[in-house]
Amino acid sequence: MLRPRKPAESKLPPRLLRWHRAHGRHDLPWQHPPAPYRVWVSEIMLQQTQVATVMDYYRRFIARFPNVRALANAPLDDVLHLWSGLGYYARARNLHLTARLIRDKYHGRIPRAFEEIAALPGIGRSTAGAILALARGQRHAILDGNVKRVLTRYHAIKGWPGNKKIENKLWALAERHTPRAEVAAYTQAIMDLGAMLCTRTRPRCGECPLASGCRAHALGSETAFPAPRPLKMKPVRRTRMLLITCGSHVLLELRPPSGVWGGLWSLPEIPTSADANDWCRRELGAAPYAQQCWPALRHTFSHFHLDIEPLQLEIAAHMRIGDNARRRWVALANEPALGFAAPVKKLLQQLRLGTAEKTADTSFPLSPLGERARVREGQNPRFAKVRRAAE
Ligand code: SF4
């Protein structure tokens, strides 16, 4: 009777480990020490983001929140502020929420069991595997973007890896290649190979330790793998952002806790077809006396484009609203310690510096405050400068 053959030991790990000892990355800030909390924060930051971009954010984040309790006890605003510019803000919200869950349910210690970690908000199968492999040396496979690229090329796997069937195949290969010993080093090694040699557009196969067994390389078609996501036109959404200023202050609004830019501070938004003056009268009890259209800017999300039409409005007083939980007047002179999405941050910087190129679409004055507006305009060098640029 034929005995079932033992699966052959993968040749990939020893080659990868040898290469990694000599050429891998050993000085990343989350490697010293590779404590579970530090690895977790780095893995979340590294989702959709390259190491070079993450470094400074990571150092600032760990300096301010050195452990789970510090993160859990901080206000969400502080967390989002340190995340500003890194994008995909749901990651920061989940990090904060998960820190609170770990504080309350696990006494501030990251659990050791894979199932418990994988069940936490914002931590999927690959991230849970990476935390346990890198920080605790437990044998778990990972399948992040770099690993997907290496494996689809090494095995010449056809089809888009976002497809469930292809993804399952890749998980099976990832499991098969993960060694029983030196798991932490192997996990770092395969991520490093994807980031350093097996790059998206120009793989350096001549230096690759896996070249002799790589099917995509043998076919001479490395960049054909992985297959790209099937083309789908992204819809375009439009919005008008209001830069409402009153003297030296600008009005900010807190976005709802979930959804696009959830929990971040932003500018008030209205549909492009709505009347901004009506909005100001209704919401602020004050009519703007001057307005200025700024050039539109596009911000692209993973599933749609957002065309932003900024409109600067000056109002003479903010009688109806003071600071409250949802709206806040902040001084323009200093950047407030709040979380902003990248385009909002850019608009505020332009407002602060008065550097935006304004369009000629200017109406002035707008309201019965017209006469007063002219006087104020003369007294306000920043706004006068804005107008001259438009003329
Ligand atoms: S040989 Fe080239 S394509 Fe294959 S794994 Fe190495 S770098 Fe990637």
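Helices and strands here are DSSP runs, numbered from the N terminus, with at least four residues for a helix and at least two for a strand.

**Figure 1. The whole chain, with its 16 helices and 8 strands.** Welcome to the overview, which shows a predicted model. Of the 391 residues in the protein chain, 35% count as buried. Contacts in the chain with a separation of 6 or more come to 70% from residues 24 or more positions apart.

**Figure 2. Helix H3, residues 51-64.** Here we zoom in on a helix of 14 residues. From first C-alpha to last, H3 reaches 20 Å, close to the 20 Å expected at 1.5 Å a residue. Look for Tyr 57 along the way: H3 bends there by about 25 degrees.

**Figure 3. The buried residues of H3 and their cover.** Val 54, Tyr 58 and Phe 61 are the residues to find here, and they are buried. An α-helix has 3.6 residues a turn, so residues three or four places apart point the same way. Helix H2 (36-46) and helix H5 (76-83) are included in what covers the buried residues of H3.

**Figure 4. The shell of 14 residues around the ligand.** The closest of these residues are Cys 198, Pro 203, Cys 205, Cys 208 and Cys 214. By class, the shell has 11 nonpolar residues, joined by 1 polar and 2 charged ones.

**Figure 5. Helices that contribute to the ligand shell.** Two helices to look for are H9 (145-154) and H12 (215-219), each supplying at least two residues of the shell. H9 gives the largest share, with 3 residues.

Terms used:
Residues numbered from 1 in each chain as written. Predicted model: local features only at pLDDT ≥ 70, side-chain atom pairs only at ≥ 80, totals over all residues. Expected span 1.5 Å × (residues − 1). Bend = angle between axes of the 7 residues up to and from the residue. Buried ≥ 20, exposed ≤ 12 C-beta atoms within 10 Å, placed from the backbone. Contact = placed C-beta atoms within 7 Å. Near = placed C-beta within 6 Å. Nonpolar A, V, L, I, M, F, W, Y, C, P; charged D, E, K, R; others polar.
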